[in-house]
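This briefing introduces the strand arrangement of one protein chain to a reader who is new to structural description. Please keep the structure in view while reading.

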Amino acid sequence: MEVERVQAIVSSSLAKNNIPLEFVRPEDEQPAITTFHGPIPDIPVIDFNHPDQDHIIHLIANASREWGIFQVVNHGIPFDLIQKLQQVGKEFFDLPQEEKEVYAKPPGALTLEGYGSKIGKDVNGKKNWADHLFHKIWPASCINHQFWPKNPPPYRAVNEEYAQEVRKVVDKLFKWLSIGLGLEADVLKEGAGGEEIEYLMKINYYPPCPRPDLTLGVTSHTDLSAMTVLVPNEVPGLQVFKDGHWIDAKYIPGALIIHIGDQIEILSNGKYKAVLHRTTVDKEKTRMSWPVFLEPPGEFVVGPLPQLVDPQIPPKYKPKKFKDYSYCKFHKLPQY
């Protein structure tokens with residue numbers, strides 16, 4: 001059965017000023033109705049160039065407790081490399097449809113890797129206004145170049161360079177998040193898989209949509225990863241659920257958006273919160289984003305760190321293999 005990509009639907013829909021019914025969200029999810037437009041606090045922005053490291057740690061820990069998300073500036077990844085990452089991703093999605101389909105996720109495959117349009121199960125049978133490309137970028141042992149586009153030609157080199165740069169940022173984040181919990185610097189990273197943590201790159205492609213008021217690029221969710229490091233393009237769309245409201249994330253050129261994921265929430269025994277977020281789409285412009293999901297290996301067991309559990313503070317989560325956690329999450333099954 002041929003899969004219909006959202007990018008291919010766009011040309012037929014734009015002229016009609018409507019979208020297929022399977023993309024129309026229930027009213028309690030529609031962005032026109034549910035987005036908050038009053039005065040809102042900004043998602044915390046943290047400058048890695050601040051001279052006082054203790055101050056950075058304090059801000060990161062606070063943001064992870066209160067928000068589960070923060071933006072990082074002066075993070076050390078060259079701005080021109082971020083621009084190259086965006087350019088090669090955009091050029092892939094600009095290719096003819098049949099050329100993109102070469103990288104399609106194989107039917108029935110257990111992996112997420114490849115080009116596609118659907119992830120997991122929607123309880124209402126609805127679809128998201130998005131296409132995507134997944135592939136692992138680190139460690140070298142888990143990379144499958146079958147899913148790395150050969151076009152545009154610089155795609156591989158740019159992604160390899162980005163993988164090396166983003167690892168440096170991730171190591172700092174794990175260290176500072178760990179210290180922010182009152183732990184030794186290496187404890188949190190080791191609890192999430194250590195040097196075996198897998199870096200899963202995703203490119204989200206949200207084409208222009210004639211009815212952005214009715215649909216979503218991605219519905220509300222927390223990331224099942226330990227942590228997610230995201231590069232957006234200049235088209236706004238990320239929304240965060242905070243204090244009972246859906247609020248827009250501001251675009252900061254060159255910044256990284258850091259999401260606390262489910263596995264760090266579990267490891268911290270709920271001290272750090274996985275952020276509930278979603279993505280809206282735009283009527284005229286294509287939104288794109290480049291999240292890297294930091295995930296434990298499938299067989300790795302994640303549970304609350306023993307240092308954060310005692311008779312007064314019992315574990316809130318049951319230790320679980322990451323592959324089993326992922327299966328339950330994708331199939332909308334209870335975890336415990």
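The structure is a predicted model. One open sheet contains eight strands in the order 1-2-10-7-12-5-4-3, and its pairing is mixed. Another open sheet consists of four strands in the order 6-11-8-9, with antiparallel pairing. As general background, the strands of a sheet pair through backbone hydrogen bonds, in either a parallel or an antiparallel manner.

**The eight-stranded sheet**

- The edge positions are taken by strand 1 (45-47) and strand 3 (114-116), each of which pairs on one side only.
- From one strand to the next, the twist of this sheet averages 25 degrees.
- Strand 7 (residues 227-232) is joined to strand 12 (residues 287-295) by six bridges in the antiparallel sense.
- Within this pairing, Val231 has Trp290 of strand 12 as its bridge partner.

**Strand 10 and its neighbours**

- Strand 10 pairs with strand 2 in the antiparallel sense over four bridges, and Leu256 in strand 10 is the bridge partner of Val72.
- Strand 10 also pairs with strand 7 in the antiparallel sense, again over four bridges, and Val229 stands opposite Ile258 of strand 10.
- In a regular strand, side chains alternate between the two faces of the sheet.
- Both faces of strand 10 are covered: Leu256, Ile258 and Ile260 are buried on one side, while Ile257 and His259 are buried on the other.
- Because five of the five residues of strand 10 are buried, this strand is largely enclosed by the rest of the structure. Here, a residue counts as buried when its relative accessible area is under 20%.

**A helix across the sheet**

- Helix 6 (residues 155-180) lies across several strands, including strand 2 (69-73), strand 4 (131-138), strand 5 (198-206) and strand 10 (256-260).
- Strand 7 and strand 12 are also crossed by helix 6, which runs at about 130 degrees to strand 7.

**The four-stranded sheet**

- Strand 6 (218-221) and strand 9 (245-248) are the edge strands, and each pairs on one side only.
- The twist in this sheet averages 25 degrees from one strand to the next.
- Strand 8 (residues 238-242) and strand 11 (residues 277-279) are paired in the antiparallel sense over three bridges.
- In this pairing, Gln239 has Arg278 of strand 11 as its bridge partner.

**The annotated region**

- An unreviewed UniProt entry places the feature "domain: Fe2OG dioxygenase" at residues 196-296.
- Over residues 196-296, the chain is 45% strand and 6% helix.
- The end C-alpha atoms of residues 196-296 are 7 Å apart.

Notes
Residues numbered from 1 in each chain as written. Predicted model: local features only at pLDDT ≥ 70, side-chain atom pairs only at ≥ 80, totals over all residues. Heavy atoms only, no water. Pairing = 2+ DSSP bridges. Helix = DSSP H or I, 4+ residues; strand = E, 2+ residues; numbered from the N terminus. Axes fitted to C-alpha atoms, helices over the stretch in contact; angles between N-to-C directions. Contact = heavy atoms within 4.5 Å. UniProt positions renumbered as here; feature names shortened; annotations may be inferred. Buried < 20%, exposed > 50% of the residue type's maximum accessible area, 1.4 Å probe, protein only.
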